[in-house]
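I opened a fresh page for this one and kept my notes short. Grab a coffee and read along with the structure.

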Amino acid sequence: ARAGKTFQEIKEKVDCVYGDQALKKTAIYDIIRKVKAGKKADDQRKFNPKKTKQTDENIEAVAAAIEANRRITLSELTSMHDLSEGTIFSIIHKDLGLVKKSARWVPKLLSPEQKLERIRCSQQLVNMTQKKSLAFLDKIVTMNETAVSFHTPETKNQSKQWLPKGAPGPLKARVLASRKRQML
């Protein structure tokens, strides 16, 4: 604008130099107006160096941290590597191809031996009821007891892990807060 160039000439030059990152028409008009008014028209945009830290070194560091702990959160990674959450998010999803998946709850995770033991105990109970009828149930003594929690299971959100896209989520037995009855 100081050299007496028209808007079209300035726009072509900006597009040629910056390509897709070129200023929009309105921004160029604002700069021309400021220059003609004698105001400062330097680039006033703030530069955040954290946004440009998506380097191979940082990608490897984030990958190593995730391999060490698949349940690490974005905020923990952000503070660990001094990167913005957007950069960490981009590294994880675009560069590493990972997604965070919750564990899928299944009723029980039993080994084959445990399954056979359950079958054996069930068959034994059925045999007892057939031989002695249901009268043996009257012999079971119950008392007034109070339930006390001994274990609080992790939540679905706590069970999330970083896994490759398309990979099945981990399995987790559905555990309720374990409570034992005790005389208090």
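Below are my entries, in the order I looked things up.

**Entry 1: the outline**

I noted at the start that this is a predicted model. I then listed the secondary structure and got six helices and six strands in the chain. Reading along the sequence, I wrote down the pattern α-α-α-α-α-β-β-α-β-β-β-β. Next I looked at burial, and buried residues come to 20% of the 184 residues. For the surface I have about 14,500 Å² exposed by the chain, with carbon and sulfur atoms supplying 54% of that area. I also checked how far apart in sequence the contacts reach. Of the contacts with a separation of 6 or more, 69% are between residues 24 or more positions apart.

**Entry 2: the nonpolar cores**

Which residues make up the largest nonpolar core? I found 12 residues in it: I59, V62, A65, I66, I72, L77, L83, I88, I91, I92, L98 and W162. I asked which elements give two or more residues to this core, and they are α3 (56–68) and α5 (85–95). Helix α3 has the largest share, with four residues. I picked I59 for a closer look and left out its neighbours within four places in sequence; its contacts are then I91, D95 and L96. Apart from this core I found another, of six residues, including I10, V14, I28 and I32.

**Entry 3: the aromatic pair**

I searched the whole structure for aromatic pairs and got one. Its members are F7 and Y29, with ring centres 4.2 Å apart and planes at 5°, so I logged the pair as stacked. F7 sits in helix α1 (residues 7–18) and Y29 in helix α2 (residues 25–36), so the pair ties together parts 22 residues apart in sequence. Are the two partners buried or exposed? F7 is buried at a relative accessible area of 18%, while Y29 is partly exposed at 46%.

**Entry 4: the salt bridges**

My count of salt bridges came to four, and I followed up some of them.

In helix α1, K11 and D15 lie four residues apart, about one turn of the helix. Their side chains meet in a salt bridge of 3.2 Å, N to O. I looked up the burial of both: K11 is buried, with a relative accessible area of 15%, and D15 is partly exposed, with 32%.

In helix α2, I found D30 bridged to R33, with the closest N and O atoms 2.5 Å apart. These two are three residues apart, so about one helical turn separates D30 from R33. D30 is partly exposed, with a relative accessible area of 34%.

Helix α6 (residues 112–132) holds E117. Its salt-bridge partner is R120, and the closest N and O atoms are 2.5 Å apart. R120 and E117 are three residues apart in α6, about one turn of the helix. I have both down as partly exposed, E117 at 36% relative accessibility and R120 at 43%.

**Entry 5: one residue in a strand**

I finished with Q161, whose place is in strand β4 (residues 161–164). Is Q161 buried or exposed? Its relative accessible area is 17%, which is under the 20% cut-off, so Q161 goes down as buried. What does Q161 contact once its neighbours within four places in sequence are left aside? My list for Q161 reads R70, R71, V99, K100, K101 and P170.

Key: Residues are numbered from 1 along each chain as its sequence is written. This is a predicted model: local features need pLDDT of at least 70, side-chain atom pairs count only at pLDDT 80 or more; totals for chains, interfaces and linings use all residues. Side-chain values use heavy atoms; hydrogens and water are left out. A nonpolar core is a set of buried Ala, Val, Leu, Ile, Met, Phe, Trp, Tyr and Cys residues joined through side-chain atoms within 4.5 Å. Buried means under 20% relative accessible area, exposed over 50%, partly exposed in between (1.4 Å probe, protein chains only). Contact means heavy atoms within 4.5 Å. Rings of Phe, Tyr and Trp (its six-membered ring) pair if their centres lie within 6.5 Å; planes under 30 degrees apart count as stacked, over 60 as edge-to-face and the rest as tilted. Accessible areas come from the Shrake-Rupley method with a 1.4 Å probe; for residues, only the protein chains shown count as cover.
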